Amino acid sequence: RKGQNIAFPSSKQTAKWYSATMRVCVHLLVLCIFHPNLWKDTAAFTSHSMPKNMLSRRSTTHLKATRPNVNQQQKATPLPFKTKQKIVAPAPPILETITETPTKTTPKIKQQIKVKEQTKVKEQTQTDTLSKNKNLAAVKVHGTSLRTCSFDKSVNRAHVFMKTDGRPLHARVELWSGPENAPQIINVDVEDGSTRPFSCIVETPGEGNAIAIRNTGKMTTPLYACVNADVEEEGPIEDFARRTKGRIVQGGASYSVPCPPSVGSLQLMLHTDGRPLSARIELLQGPNNVKQRMEVYTEEGLQRPFFVVVDTPGGGNLIRIENTATVEYPLMARVEPFLVREESEWDGDAGIRWS
C-alpha cells in the first residue's frame with residue numbers, strides 16, 4: 001500500500017537462509033541413499049497419522065508408484081543355492097496273467113450236464129409265430145410276472161403245460177373271455193415242478209378268449225409254460241366222460257382215491273350240471289404230506305369243465321377231492337389211470353423212497 005515502508009532482508013540474512021536450506025537438502029539426500037528402510041517408516045507413519053480417506057487416495061498410490069517393495073523382488077528372483085528335485089519315473093504296472101486250470105469231468109458232472117441239457121426249453125420272443133400244428137414255443141415266466149396267449153374263435157380248447165427245473169411251482173391260470181371277465185381260475189402249487197409238472201385242458205367256447213399265466217412265486221422260481229391249441233370239435237373230455245363213471249361230491253364233502261405204485265399218472269375231471277364249480281384237489285404222498293395242490297373255480301361247470309393229468313411218481317400216492325362250495329352246488333368227479341407202468345418198469349425198491 002501507499003505510505004507503508006516494506007523491510008527487505010539484507011544480503012547476510014539471505015546467505016544464511018540459503019546455506020541452511022542447502023544443508024538440510026544434503027542431509028536428506030544422504031538419508032535416502034544410505035537408509036532404504038526409511039520408506040517403510042514413512043509409509044507406516046503416514047498410515048497411522050493420516051486419515052483413511054487421505055491414505056486411500058494418496059499414500060497407497062504414491063508410495064507404490066515411487067518405489068517398489070524390496071521383499072517382492074527377492075521372492076521373484078530364484079535363489080542360486082536352491083537344489084533341483086529329482087524326478088523319479090513311476091514303475092510300470094504289473095500285469096497278472098490268469099490261467100484257467102482245466103477241470104476234470106466226473107461221471108456225476110456228466111450226468112448233471114445231460115439233465116440240464118434235457119431240461120432246457122426254448123424261450124419265446126416277441127417274434128414267435130404259430131407253427132403248422134398251431135403250437136407255440138415254451139415261454140419262460142419269471143416270478144411275479146404275467147404272460148398271456150390269445151387265439152381266434154376257431155380254437156375250441158387249449159392245453160396248458162407248466163414245469164420248472166426242480167424248484168417249486170406257484171402259478172395262477174386264468175381264462176379271459178372279454179374285458180374284466182375271468183370265467184375260469186386255477187391256482188396251482190407244486191413242491192417240485194420237474195417231477196410233477198402241471199398239465200390241464202381248458203375249454204374256450206365263444207370268441208375273444210385268452211389264457212393268462214401269472215407266476216405267483218418269487219423272482220428265484222421261474223417257470224416254463226406252453227399253450228397248445230385244439231381245433232377239433234370233440235376233444236378228450238367228451239370221450240373221457242362217456243368212458244368212465246363219476247361220483248357225486250356234495251358241497252363241503254371230500255372224496256379220496258388211492259393210487260397203486262403201478263400207476264404213473266392219473267386223469268381227473270370235474271364238472272357240474274351248469275352250476276358254478278369250486279373245488280380243491282390235492283396229491284398226497286404219506287400222511288398229510290401234500291405234494292401238489294390245485295384250487296379251481298369255474299363259472300359254469302358244464303360248458304367249462306376242469307380236466308387235468310396228475311403225475312404220481314413213487315408209491316403211497318392219494319388223490320383227495322374237496323368240494324369247497326356250499327350244499328347247493330354239488331359236482332361230479334371222474335378219476336381214471338392215465339399211464340400204467342409194467343412190472344419191468346418199476347424201480348424194484350418195493351415202494352421204499354424218501355418223500
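In which sense, parallel or antiparallel, do S12 and S15 pair, and over how many bridges? In this predicted model, the two strands pair in the antiparallel sense, and seven bridges link S12 to S15. Strand S12 covers residues 277–285, and strand S15 covers residues 317–323. One point of reference along this pairing is Gln-285, whose bridge partner in S15 is Asn-317.

S15 also has a second partner to consider. Strand S10, residues 254–259, pairs with S15 in the antiparallel sense, over six bridges. Here Ser-254 stands opposite Glu-322 of S15.

The side chains of S15 alternate along the strand. Asn-317, Ile-319, Ile-321 and Asn-323 point to one face and are buried. Leu-318, Arg-320 and Glu-322 point to the other face and are not buried. Asn-317, the bridge partner of Gln-285, therefore belongs to the buried face of the strand, given that buried means under 20% relative accessible area.

From S15 the reader may turn to Glu-282, which is placed in strand S12. Glu-282 counts as buried because its relative accessibility is 8%, and the cut-off for that class is under 20%. The side chain of Glu-282 takes part in polar contacts with two arginines: one of 3.2 Å with the side chain of Arg-293, and one of 2.5 Å with the side chain of Arg-320. Arg-320 lies on the face of S15 whose side chains are not buried. Leaving aside residues up to four places away in sequence, Glu-282 touches Val-290, Gln-292, Arg-293, Leu-318, Ile-319 and Arg-320. Among these neighbours, Leu-318, Ile-319 and Arg-320 are residues of S15.

The cysteines call for a separate remark. A disulfide is a covalent bond between the sulfur atoms of two cysteines. The structure holds zero disulfides. Cys-149 is in none, and the nearest cysteine sulfur to its own, that of Cys-226, is 9.0 Å away. Cys-226 is likewise in no disulfide, with the sulfur of Cys-149 as its nearest at 9.0 Å; the cut-off for such a pair is within 2.5 Å. Cys-149 counts as buried because its relative accessibility is 13%, and Cys-226 counts as buried because its value is 17%.

These details sit within the chain as a whole. The chain has six helices and 16 strands, and 30% of its 355 residues count as buried. Of the contacts between residues at least 6 apart in sequence, 78% join residues at least 24 apart. The chain exposes about 25100 Å², of which carbon and sulfur atoms supply 57%.

Terms used:
Residues numbered from 1 in each chain as written. Predicted model: local features only at pLDDT ≥ 70, side-chain atom pairs only at ≥ 80, totals over all residues. Heavy atoms only, no water. Buried < 20%, exposed > 50% of the residue type's maximum accessible area, 1.4 Å probe, protein only. Helix = DSSP H or I, 4+ residues; strand = E, 2+ residues; numbered from the N terminus. Polar contact = N/O pair within 3.5 Å; in protein donor to acceptor, adjacent residues only side chain to side chain. Contact = heavy atoms within 4.5 Å. Pairing = 2+ DSSP bridges. Areas by Shrake-Rupley, 256 points an atom, 1.4 Å probe, with all protein chains shown as cover.
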